[in-house]
Amino acid sequence: MQAKLSVVALSVAAAFALSACGQKDAPAPVAAPAAPEAKPEIVVKLGHVAPMTGPQAHLGKDNESGALLAVEELNAQGLEIGGAKVKFQLVSEDDQADPKQGTIVAQKLIDAKVNGVVGHLNSGTTIPASKLYFDAGLPQVSPSATNPKYTQQGFKTAFRVMANDIQQGKVLGEFAAKQGVKTVAIIDDRTAYGQGLADEFRKAAEAAGLKVVANEYTNDKATDFKAILTKIKSTKAELVFYGGMDAQGGPLVKQMKDLGIKAKFLGGDGVCTPEFMKLGGPAADGEYCSLPGVPLEQLAKGPEFKSKFEAKFGYQIQLYAPNAYDAVMVIADSMKRAGSVEPAAYLPEIAKTKLEGVSGNIEFDQFGDLTSGAITVYQYQGGALNYVETLGGAPAAPAAPVEEKK
Amino acid sequence: MDIFLQQIINGLVQGSIYALVALGYTMVYGIMGLINFAHGEVVMIGALISITVTSTLAAAGMPLGLAGLFGLVAAMLTCMALGWSLERIAYRPLRGSPRLTPLITAIGMSIVLQNLAMIFWGRNYMTFPPLLPKVNFEFAGTHFTLVQVVIVLLSAALMAGLVFLVYRTKLGMAMRATAQNPAVASLMGVNINRVIASAFVIGSALAAVAGVMVGSYYEIAHYQMGFMLGLKAFTAAVLGGIGNLAGAMAGGILLGIIEALGAGYIGDFTGGFLGSHYQDIFAFIVLIVVLMFKPSGLFGEKTGDRA
C-alpha cells in the first residue's frame with residue numbers, strides 16, 4: 001500500500017503542476033469603432049498580442065490602448081490605400097506572457113489572415129512567435145521586446161520600435177561603473193528578457209573594468225530571495241543588478257535591505273515601473289533603473305500624445321503605449337507608400353521607414369532594429385521616477401531634471 | 001561561518017512556515033488517509049482575507065497592530081469555515097469511495113478556490129501592510145528581523161499547542177482512535193464526522209496563521225501564492241512521514257534548511273555547473289528520493305493499515 005500511495009502522490013503532484021499552467025482566459029477581441037458605410041472599403045486587420053491576464057496584465061492593457069488610439073486616428077483620417085478606402089481593425093490576443101501561449105495565438109492570427117502584427121510585449125513570447133510570422137510572411141513590429149535575439153534570427157519580417165538590450169545593457173554597465181563601484185553581483189529570472197539583459201549588462205560591466213563576483217538566478221514566480229542574497233552578501237559585491245520584472249524586483253530589493261546588504265541596486269525597464277516602487281516601498285528609494293527611449297516630455301509629439309491618451313482612456317500611460325502607437329503607425333505608413341495592404345507588397349517598405357513617431361525618430365537598420373536607440377536612466381525617489389540622464393543616440397538631454405510620472 | 005549561519009536562519013524561517021502548513025496535510029491524512037490538496041489555497045485565502053480586513057480597519061483609523069490582530073482573527077475564522085465546508089462539500093460525500101476520487105475533488109477544489117480568489121482580489125500582486133515594526137537584529141554577523149523571530153516562535157508555540165491537543169485532550173484521543181480504526185472508534189461512541197470536521201477546522205486555522213505569516217514576511221500576497229507553498233508543505237509532510245505530527249514539523253524545518261543551503265552552495269559545489277535557479281527543484285528531488293528509499297518518511301511509523 002505504501003508504494004501505491006507514493007505513485008499516486010507523485011502523479012498527483014505532477015498533474016497539479018500542469019494544471020497551474022493550463023488556466024486560460026478567453027481573449028477579448030477589441031471592437032473597432034463602426035465607421036459610416038459610404039463606399040466599399042477594405043478592412044485591414046492588425047493583430048495585437050500582449051499579456052492581458054496575469055501579473056503583467058497592466059502592461060498589456062497599456063500596449064493595447066496605445067495601438068487602439070493609433071487605429072482610431074487612422075480610421076478618422078479616412079485613409080485611402082491604392083485607391084480604396086481602408087478601415088483598420090485591431091484583433092487583440094492574450095499570450096499570458098507565456099512562450100507556449102505566444103505561439104498558439106500567433107498561429108491563430110495567421111489563420112485569421114491579419115495584415116500585420118503589433119507585438120508581442122515580452123521577449124520570451126516574441127521570439128518563438130517571430131518564426132511563425134516569418135514562415136507566413138507576415139510583418140511583425142514589436143513595441144517592447146528588447147532581447148537582441150529577436151532581430152538576429154535573420155527574419156526579414158521582424159522589426160521593433162524600441163532600443164534593444166545590447167543598447168540598454170551597455171548603458172547600464174557604463175552607468176554602474178560611473179557609480180564608483182568595483183564589484184557587481186548579477187541576478188536574473190531566467191526568462192528571455194531577464195537573462196538577455198543580464199548577459200548584456202555583464203559584458204558591458206566587464207568591459208568597463210568592473211568585476212562580476214556572483215551570478216545568481218531566480219524565476220519569474222519566486223518570492224523568496226534570501227538564500228541567493230545571502231550568498232551575494234558573502235561576496236561583498238558593491239552593486240546588485242537585477243534582470244527581471246517588477247513583481248520579483250520589489251520584494252528582492254526589500255529583502256536586500258533586511259539582510260543588511262549595503263550594495264546599490266540597479267535594474268532595467270522591467271523594474272522601472274510604479275508597481276516596483278509599490279512592492280519595494282522605501283527600500284527602493286535612491287536606487288536606479290533604465291528605460292529605453294527618451295521621456296515623452298522631451299519629444300516633439302510626446303506631450304500631445306500623452307494628453308490625447310489620458311483624455312481618451314482616463315488613465316495614465318504605464319510604459320510602452322507610445323511604442324505600440326508607433327508600431328501601428330509604422331505599418332500604416334508602409335502600406336500607404338506601397339499602395340497595398342498585402343503583407344508581401346508592403347513588407348519591403350517597412351525597412352525603408354522614416355517616421356517621426358511619438359516615441360522618437362523611427363528608422364530601421366538592416367536587422368530591423370532602431371538606428372538610434374536612446375536609453376534613459378531614472379532614480380526612484382519617494383514613489384516617483386526622477387529623470388537622471390539620457391544616453392545613446394538621441395537628442396541631447398536638458399540639464400534640468402524632468403519628473404516622469406508613469 | 002556567518003554566511004552559513006545566515007543560510008540556516010533563512011531556512012529555519014522558511015521551514016517554520018512549511019511545517020505549519022504541513023501539519024494541516026498530515027493531520028487530515030493521519031485521520032482519514034486523504035491528501036487535501038486544497039490546503040495551500042486555504043493559506044492563500046487566509047493571507048488575502050487578513051490583508052483586506054487589516055487595511056480596511058487601518059484605513060478607518062484603527063492602530064495597525066490592533067487592526068492586524070483583527071485581520072488574523074478574521075482570517076482564522078474564515079479559513080475554519082472554509083475548511084469545514086471543504087470537508088462537508090467535497091470530501092464527506094465521497095467517504096468510502098476509492099482513494100483516487102477524493103484526491104481529484106481536492107485538486108478541483110484547489111482550482112476553484114484559486115479562481116474565486118482571482119475574481120475577488122484581482123490578478124495583481126497586493127502589498128501586505130507591515131504588521132510589526134521593522135526591527136533589525138544583528139547577531140554574530142547575521143541579520144534577521146522581528147518578523148522572522150515572531151514567525152519561528154509563533155510556529156513553535158502553535159505546534160506545541162497542537163501536540164498537546166492531540167495527546168492530552170479528549171478530542172485528541174478521539175482523533176487518534178479514528179486514525180487507528182474508524183469503524184471500531186465509531187462503535188466506541190466516537191462521532192467520526194465531528195472528529196474529521198475538527199481536523200479540517202484546526203488544520204485550516206493553522207493554515208490561516210501561516211498565510212498571515214507568509215504575507216507579512218514577504219509583504220506581498222497573490223492569488224497563486226498558495227500553490228507552490230502547498231506543494232512544498234506536502235513534500236515536507238511526506239519527508240517527515242505523512243500522518244505523523246512530529247514528522248511534519250521536522251520535515252518542514254529540514255526542507256527549509258535544505259533549500260536555503262542548496263541555493264546558497266550548489267554553485268560552489270558543482271563549480272558553477274548548476275546554479276541557484278535549481279532552488280525549487282531541491283524540494284522535489286528530496287520528495288522523489290524519500291519516496292524511493294523510505295516511502296514511510298524519516299519519522300514514518302506504521303500507522304496501522306492506513307498507509
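Is Q96(A) buried or exposed? It is one of the spots we'll visit in this set of close-ups, and the model behind them is a predicted one.

**Figure 1. Q96(A) sits in a loop with an unusual backbone angle.** Look for Q96(A) in the loop that runs between β3 (84-94) and α3 (99-111) of chain A. Q96(A) is buried, because 26 other C-beta atoms lie within 10 Å, and the cut-off for being buried is 20 or more. Its phi is near 55 degrees, which is a positive value in a residue that isn't glycine. For background, most residues other than glycine have a negative phi.

**Figure 2. R190(A) also has a positive phi, and its loop lies between β7 and α7 of chain A.** Phi of R190(A) is near 60 degrees, and this residue isn't a glycine either. You'll find R190(A) in the loop between β7 (183-188) and α7 (192-207) of chain A. R190(A) has 16 other C-beta atoms within 10 Å, so it is classed as partly exposed.

**Figure 3. A cis peptide bond joins G119(A) and H120(A).** Omega is about 0 degrees at this bond. Keep in mind that most peptide bonds are trans. H120(A) belongs to the loop between β4 (116-119) and α4 of chain A.

**Figure 4. Six strands of chain A make an open sheet.** Walk across the sheet and you meet the strands in the order β2-β3-β1-β4-β5-β6, with mixed pairing. Which strands stand at the edges? They are β2 (80-81) and β6 (158-160) of chain A; each has a single partner strand, so one side of each has no neighbour in the sheet. Zoom in on β5 (residues 140-142) of chain A and you'll see that three bridges join this strand to β6(A), with the two running parallel. Within that pair, Q140(A) stands opposite A158(A) of β6(A).

**Figure 5. β14(A) and β15(A) form a hairpin.** Here the strands β14 (residues 375-381) and β15 (residues 384-391) of chain A run antiparallel, and seven bridges join them. One facing couple to spot is Y378(A) and Y387(A), the second of which is in β15(A). Two residues lie between the strands, and G382(A) in the turn has a positive phi of about 50 degrees.

**Figure 6. Domain 1 of chain A meets domain 2 of chain A.** Domain 1 covers 41-163 + 297-373, while domain 2 covers 166-292 + 377-391. The centres of the two domains, taken over C-alpha atoms, are 29 Å apart. Where they touch, 15 residues of domain 1 are in contact with twelve residues of domain 2. Helix α4 (residues 123-136) of chain A gives the most to the domain 1 side, with three residues. Sorted by class, that side has six nonpolar, eight polar and one charged residues.

**Figure 7. G314(A) is an exposed residue in a loop.** The loop in question connects α11 (302-313) and α12 (321-338) of chain A. G314(A) has 7 C-beta neighbours inside 10 Å, so it counts as exposed. K221(A) is 93 residues away along the chain, and the C-alpha atoms of G314(A) and K221(A) are separated by 31 Å.

**Figure 8. Chain A and chain B touch.** How many residues does each chain bring to the contact? Chain B brings 38 residues and chain A brings 42 residues. Several elements of chain B each supply at least two residues, among them α4 (100-121), β2 (136-139) and α9 (225-240). The largest share of the chain B side, five residues, comes from α1(B). By class, the chain B side has 18 nonpolar, 15 polar and five charged residues.

**Figure 9. Helix α10(B) bends at A263(B).** The bend is about 40 degrees. α10(B) has 25 residues and reaches 34 Å from its first C-alpha to its last, close to the 36 Å expected. Of those 25 residues, 18 are buried, so the helix is largely enclosed by the rest of the structure. Just after α10(B) comes G271(B), with a positive phi of about 60 degrees.

**Figure 10. Helix α5(B) has several buried residues.** α5 (residues 146-168) of chain B has 23 residues, and its end C-alpha atoms are 32 Å apart, which agrees with the 33 Å it should span at 1.5 Å a residue. The buried residues include V147(B), I151(B) and L162(B). Among the elements covering the buried residues of α5(B) are α1, β3 and α10 of chain B.

Terms used
Residues are numbered from 1 along each chain as its sequence is written. Chains are lettered from A and ligands numbered from 1 in the order in which they are written. This is a predicted model: local features need pLDDT of at least 70, side-chain atom pairs count only at pLDDT 80 or more; totals for chains, interfaces and linings use all residues. Domain bounds come from an automatic or database domain assignment. Two residues are in contact if their C-beta atoms, placed from the backbone, lie within 7 Å. Helices (H or I, at least four residues) and strands (E, at least two) are DSSP runs, numbered from the N terminus. Ala, Val, Leu, Ile, Met, Phe, Trp, Tyr, Cys and Pro count as nonpolar, Asp, Glu, Lys and Arg as charged, and the others, Gly among them, as polar. The expected span of a helix is 1.5 Å times one less than its number of residues. The bend at a residue is the angle between axes fitted to the seven residues ending there and the seven starting there. A residue is buried if 20 or more other C-beta atoms lie within 10 Å of its own, exposed if 12 or fewer, and partly exposed in between; C-beta atoms are placed from the backbone. Two strands pair if DSSP finds at least two bridges between them.
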